[in-house]
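Subject: Handover of a structure for your review

Dear colleague,

Please find below the structure that I am handing over to you. A summary of what was found in it follows.

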Amino acid sequence: RIRPAQPSHEASERRNAARVMRANASGVGAVDARALRATATAKATTAGRRVSSASGSRITVSRRRVRAMATTADGERVKKLQNGSDIRGVALEGVEGEGITLDATTASAIGRAFADWLMVKTGAREVTIGVGRDPRLSGEMLRDAMFAGMAASGAKVVDMGLATTPACFMATVTPGVEYAGSVMLTASHLPFNRNGMKFFTSAGGLDKPDIKDICARAAAYVEAGGLSVDAPSGVVRAPFLPTYAAQLCDIIRKGVNSPTNYDTPLSGMKIVVDAGNGSGGFFADLVLAPLGADTNGSQFLNPDGSFPNHSPNPEDKEAMEAGVRAVLSAKADLGIVFDTDVDRSARSEE
């Protein structure tokens, strides 16, 4: 028996965002693009500093003046990266007919725009932002560029390392962590050349108007030029996935509340995981195994952004067939197939 993920993840993400966000994003209004461009240009005061343009060419930044060696990225392209309540684009070459739309310069601008938006939203002059990612090949490049943009806005930045979308949200509400905002770098189940961003505060995922605002701010920064794409010094590295895994274990133990096997309520069960080489491999080793489950027969747990085995998509026929084969081969009680950023799954039973 196969139980596919329900409902479709796009509709689910949008409904969840609408439910968790406050109805009115007061204080975060329309962006004055000219003002942002002027601010960005005025702040580019480091004489002789070299940074990358959207095309990968170098830009020489002189005092109070940006001299571009090539045309900067088009602001309208940046605005078109909005995909409902998140951002998605093509980050790598390799697929015929798909040119790059989400490069390092754009990621830097988006990072800066999110930090700006967050400061206005919270009324704080200083915010801490955590950034996690799935294993996509473009993830580290985009992460470093986002860090540069966030730091340019005055935010403190934390590298959460390999993460999941639910973990990035939990980092905003977990006592002792409680980042003002977080970003998950992912394009969900899409092919290896794509990437994107999902944004969170303690109220939940950002909604469509918030993303529109952030994209407009980012477009203005891209048009102004002078954006650094190199990770700044002072980035704090604090992997959150082990904490999140422990939270899941605690939830399951309390939910089962076994009078005889409280710590290992899954003892005697064989459960296999197909992570599709995304971020979900931790679930076998850090969640199921500590709860007593036998996870032998799990497959594709190692993160690999080329996704060499099958599409990391529990709604994909090939992915589900691979999960079913794993269950039958291991004679497992249950199989779980995750998507790349582990906010959707499907299960199969023998």
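In what follows, helix axes are lines fitted to C-alpha atoms over the stretch in contact, and the angles between their N-to-C directions run from 0 to 180 degrees. Please note also that this is a predicted model.

Confidence

The average pLDDT of the chain is 84, and 79% of the residues reach at least 70. Over residues 1–73, however, the pLDDT is below 50, although this stretch has 142 contacts in the model beyond near neighbours in sequence. Where pLDDT is low, the predicted coordinates should not be read in detail.

Helix 4 and its two partners

Helix 4 covers residues 104–122, which makes 19 residues. From its first C-alpha to its last it reaches 27 Å, close to the 27 Å expected at 1.5 Å a residue. Of these 19 residues, 17 are buried, and helix 4 is thus mostly covered. Just after the helix comes Gly123, with a positive phi of about 75°.

One partner of helix 4 is helix 5, residues 139–152; the two pack with their axes 7 Å apart and at an angle of about 40°. Angles from 35 to 65 degrees fall outside the parallel and perpendicular classes, and helix 4 and helix 5 are therefore oblique to each other. Their crossing is right-handed. On the helix 4 side, the residues that meet helix 5 include Ala104, Ala107, Ser108, Gly111 and Ala115. On the helix 5 side, Met141, Leu142, Ala145, Met146 and Gly149 are among those involved.

The other partner described here is helix 7, whose axis comes within 8 Å of that of helix 4 and crosses it at roughly 125°. That angle makes helix 4 oblique to helix 7. This crossing, too, is right-handed. Helix 4 contributes residues including Thr105, Ala109, Ala113, Trp117 and Val120 to the contact, while helix 7 contributes Asp213, Arg217 and Tyr221 among others. Ile110, Arg112 and Phe114 of helix 4 are listed both in the contact with helix 5 and in the contact with helix 7.

Helix 7 itself (residues 208–224) has 17 residues and a reach of 24 Å between its first and last C-alpha, close to the expected 24 Å. It is mostly covered, with 12 of the 17 residues buried. Among the buried residues are the charged-side positions Asp210, Asp213 and Arg217, as well as Cys215 and Tyr221. Gly225, just after helix 7, takes a positive phi of about 80°.

Individual residues

Ser279 is found in the loop between strand 13 (271–274) and helix 9 (282–288). Its relative accessibility is 1%, so Ser279 counts as buried. Leaving aside residues up to four places away in sequence, Ser279 touches Arg133, Asp134, Pro135, Leu162, Ala163, Thr164, Leu241, Thr340 and Val342.

Pro242 belongs to helix 8 (residues 241–256) and is partly exposed, with a relative accessible area of 48%. Its C-alpha atom is separated by 9.7 Å from that of Ala167, 75 residues apart along the chain.

Most residues other than glycine have a negative phi. Glu178, in the loop between helix 6 (165–170) and strand 9 (181–185), has a positive phi of about 45°. Lys331 has a positive phi near 50°; this residue lies in the loop between helix 10 (317–330) and strand 14 (334–338), and at 63% relative accessibility it counts as exposed.

Yours sincerely

Notes
Residues are numbered from 1 along each chain as its sequence is written. This is a predicted model: local features need pLDDT of at least 70, side-chain atom pairs count only at pLDDT 80 or more; totals for chains, interfaces and linings use all residues. Side-chain values use heavy atoms; hydrogens and water are left out. pLDDT is the predictor's confidence in each residue, from 0 to 100. Contact means heavy atoms within 4.5 Å. Helices (H or I, at least four residues) and strands (E, at least two) are DSSP runs, numbered from the N terminus. The expected span of a helix is 1.5 Å times one less than its number of residues. Buried means under 20% relative accessible area, exposed over 50%, partly exposed in between (1.4 Å probe, protein chains only). Angles under 35 degrees count as roughly parallel, over 145 as roughly antiparallel, 65 to 115 as roughly perpendicular and the rest as oblique. A crossing is left-handed if the near helix is turned anticlockwise from the far one by less than a right angle, and right-handed if clockwise.
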